[in-house]
Amino acid sequence: MKALRPDPFQAFAYRSAVGQALLGTVVKVLPVGAFVDVGDGVLGLVPFKEVHGGPAACPPEAFESGAEISVVVSDIDRPHRRVLLSTPEAAPAVTNGADPSPS
């Protein structure tokens, strides 16, 4: 039955684009960055070097596990099944025009 269900990563890669703003939930915080669930169990990494100009400007304590945050898709690496994210403050202008802030 599992083979009949669509692959969540492939579905995410198909419907998402670089520069797209999303809401996600912080799952884990490591010294290199925060892993964020962007839906259907797909995790993306927000490297601290991508946040507010660098690691010194954004310590790991700035992210809290379980918190909902706004992120922007920086890269989708299909062969390695990786999603690279950044915060809206560190990303170039969002291309989809959506407001990532919760209502």
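The following paragraphs lead through a predicted model, from its helix and core to a hairpin and two loop residues.

A suitable place to begin is helix α1, which spans residues 8-15. Its buried residues are Phe-9, Phe-12 and Ala-13. Viewed down the axis of α1, these buried residues fall within an arc of 95°, and they therefore line one face of the helix. What do the buried residues of α1 pack against? Their partners are the strands β1, β4 and β5.

This packing leads to the interior of the model. The largest nonpolar core has 18 residues. Those with the most contacts inside this core are Phe-12, Val-36, Val-38, Phe-63, Val-71 and Leu-85. Several elements contribute: α1, β1 (21-30), β2 (33-37), β4 and β5 each supply at least two residues. Strand β4 gives the most, with four residues.

Phe-63, already named among the core residues with the most contacts, also takes part in an aromatic pair. A search of the whole structure finds one such pair. The pair consists of Phe-48 and Phe-63, whose rings are 5.7 Å apart from centre to centre. With 35° between the planes, the arrangement is tilted. Both Phe-48 and Phe-63 lie in the loop between β3 and β4, so the pair ties together parts that are 15 residues apart in sequence. Are these two residues buried or exposed? Phe-48 is buried, at 3% relative accessibility, and Phe-63 is buried as well, with a relative accessible area of 9%.

Strand β4 deserves a further look together with β5. β4 covers residues 68-77 and β5 covers residues 82-86. The two strands run antiparallel and are joined by five bridges. In one of these pairings, Asp-75 has Leu-84 in β5 as its bridge partner. β4 and β5 form a hairpin, with four residues between them.

The turn of this hairpin introduces a matter of backbone geometry. Most residues other than glycine have a negative phi. Which residue in the turn has a positive phi? It is Arg-81, with a value of about 55°, although Arg-81 is not a glycine. At 44% relative accessibility, Arg-81 counts as partly exposed.

Asp-40 provides a second case. This residue, also not a glycine, has a positive phi of about 55°. Asp-40 lies in the loop between β2 and β3, the latter comprising residues 43-47. Its relative accessible area is 58%, and because exposed means over 50%, Asp-40 counts as exposed.

Conventions:
Residues numbered from 1 in each chain as written. Predicted model: local features only at pLDDT ≥ 70, side-chain atom pairs only at ≥ 80, totals over all residues. Heavy atoms only, no water. Pairing = 2+ DSSP bridges. Core = buried A, V, L, I, M, F, W, Y, C linked by side-chain atoms within 4.5 Å. Buried < 20%, exposed > 50% of the residue type's maximum accessible area, 1.4 Å probe, protein only. Arc of directions from axis to C-beta. Contact = heavy atoms within 4.5 Å. Phe/Tyr/Trp six-rings, centres within 6.5 Å; stacked < 30°, edge-to-face > 60°.
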